[in-house]
Amino acid sequence: MGLKRRKLSTKKTKKKLKPRNSLSNLPDEILHHILSFLKLRDIARLRVLSKKFQTLSATAPSFCFSERRPSFWFSKPRFRHRRNCSCAHVFNFMNTLPQHRSHSLKIKRISFKSFCDKGEHSSLHDHWINNLFQTFHVEQLSLNYQLPSIFTSLPKFQSLKLLKLEMNRVIMVKLPEMKLTSLETLHIMFFATEDPVGEWVSQSFPALKSLFLSEINVSWLSKKLLDLEIRSSCLEALSIQNCCSLKPVRIITENLRTLSYVTCPCVRCHHNDDIVDFRYDDSVFEISAPNLRRLSWQGYAPRLCYDARTFQSLQVASFTKLSLQNLNLTIQLFEATRRATSLHTDTGMIKVSS
């Protein structure tokens with residue numbers, strides 16, 4: 001009797017066990033958050049699992065397209081087409097996206113990072129990116145790719161709030177006349193131009209709040225220097241890194257709170273296959289920002305020109321890897337920021353260059 005009772009009790013307990021929750025039972029908000037971490041080719045493959053995942057893949061808030069480098073990229077030409085790339089599979093999914101996704105549903109972010117250098121795929125990349133912006137309301141675009149034609153397409157992207165452009169190699173770019181009133185954050189890295197960058201930024205993005213410039217230079221065939229002048233009433237954060245050709249620099253803005261300036265680490269730069277010695281004494285940095293709170297400086301100290309209000313509100317000043325090309329210029333930099341509430345100096349990195 002005891003054994004029968006035990007068997008009956010085990011049967012009863014088995015009936016009481018509840019089935020485990022599967023991934024498809026999660027709310028759509030959580031599943032969309034999970035999809036935001038997946039690559040676009042993985043999202044495209046999910047739609048064959050079930051009707052629910054077919055809907056979820058079409059209504060994902062963000063899309064990240066990334067092709068991996070080949071294993072031998074460090075020993076052979078970096079930009080090389082792979083036979084097993086997933087471009088065709090992704091393009092098939094993106095072309096059918098407008099049919100399965102409501103046009104009123106916004107796309108939060110498009111991240112595009114590809115190393116496929118096939119000519120046919122390059123034109124397809126450009127085509128479906130433009131198609132997405134014409135069909136949907138896209139808020140963020142991040143490009144890390146050899147796609148110079150994107151500059152001519154920028155005037156169409158009137159819904160953008162964040163734009164990151166990083167070329168795989170330095171290319172010559174003609175900055176187009178445009179105006180994006182919605183753009184608030186702009187990151188531009190690795191391209192060459194002979195157009196006035198500061199004037200283009202100030203006129204094209206009147207509502208810009210954050211600006212990041214890195215490796216913006218002129219063509220190697222040119223020996224002229226660019227004049228960077230930024231006049232913006234909304235700009236709050238500015239970062240300039242390793243832009244050797246931007247001299248002089250003029251920053252005139254009322255609402256600037258944070259400024260980060262990183263100069264080229266080398267004193268002698270290769271320019272047009274020649275070694276050019278830049279005279280840092282001739283480099284001028286003009287600033288008028290009465291509401292500046294934080295200043296971060298790395299590299300050499302140029303000649304400063306500023307009004308009496310610029311550094312009065314300064315709270316934190318940080319100096320690292322200072323190169324003393326001219327002691328008087330370095331003293332001028334410290335004298336300008338002596339009113340800061342907190343002053344950080346990496347004294348071990350201060351050196352005198354020959």
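Is serine 111 buried or exposed, and what is its relative accessible area? Serine 111 is buried, with a relative accessible area of 13%, where buried means under 20% relative accessible area, exposed over 50% and partly exposed in between, with a 1.4 Å probe and protein chains only. The model is predicted, so that local features need pLDDT of at least 70 and side-chain atom pairs count only at pLDDT 80 or more, whereas totals for chains, interfaces and linings use all residues. Residues are numbered from 1 along each chain as its sequence is written, and side-chain values use heavy atoms, with hydrogens and water left out.

Serine 111 lies in strand E2 (residues 107–113); helices (H or I, at least four residues) and strands (E, at least two) are DSSP runs numbered from the N terminus. Not counting residues up to four places away in sequence, serine 111 touches Phe63, Cys64, Phe65 and Ser142, contact being defined as heavy atoms within 4.5 Å.

**The nonpolar core**

The largest nonpolar core has 86 residues, of which Phe151, Leu186, Phe205, Leu211, Leu238, Phe285 and Trp297 touch the most other members. Helix H5 (residues 87–100) gives the most to this core, with six residues. Such a core is a set of buried Ala, Val, Leu, Ile, Met, Phe, Trp, Tyr and Cys residues joined through side-chain atoms within 4.5 Å. Leaving aside neighbours within four places in sequence, phenylalanine 285 is in contact with Val249, Ile251, Leu259, Tyr261, Trp297, Pro302, Arg303, Leu304 and Cys305.

**Helices H9 and H4**

In helix H9 (residues 327–336), the residues Leu329, Thr330, Leu333 and Ala336 are buried. Seen down the axis of H9, these buried residues fall within an arc of 125°, so they line one face of the helix; the arc is that of the directions from the helix axis to the C-beta atoms. Leu327 and Asn328 are exposed on the face of H9 turned away from its buried side, while the cover over the buried residues of H9 includes strand E14 (294–300), strand E15 (303–306) and strand E16 (316–323).

In H4, the buried residues are Phe53, Leu56, Ser57 and Ala58, and they pack against helix H2 (28–35), helix H3 (40–46), strand E1 (62–66) and H5.

**The second largest cavity**

The structure holds three cavities of 30 Å³ or more, and about 50 Å³ of space lies in the second largest. A cavity is a set of points, on a 1 Å grid over the protein atoms alone, where a 1.4 Å probe fits but cannot get out, and lining residues have an atom within 4 Å of a point. The second largest cavity is lined by Arg47, Gln54, Ser57, Ala58, Phe93, Thr96, Leu97 and His100. Helix H4 (51–58) and H5 each supply at least two residues of this lining, and the largest share, four residues, comes from H5.

**Positive phi angles**

Two residues have a positive phi although neither is a glycine, and the table sets out their values.

| Residue | Phi | Strand | Relative accessible area |
|---|---|---|---|
| Phenylalanine 190 | about 65° | E5 (residues 185–192) | 28%, partly exposed |
| Glutamate 215 | about 55° | E6 (residues 210–217) | 25%, partly exposed |

Most residues other than glycine have a negative phi.

Notes
1 Å grid on protein atoms, 1.4 Å probe; cavity = no way out; pocket = protein on both sides within 12 Å on 5 of 7 lines; lining within 4 Å. Points joined across faces, edges and corners; volume = space filled by probe spheres on them.
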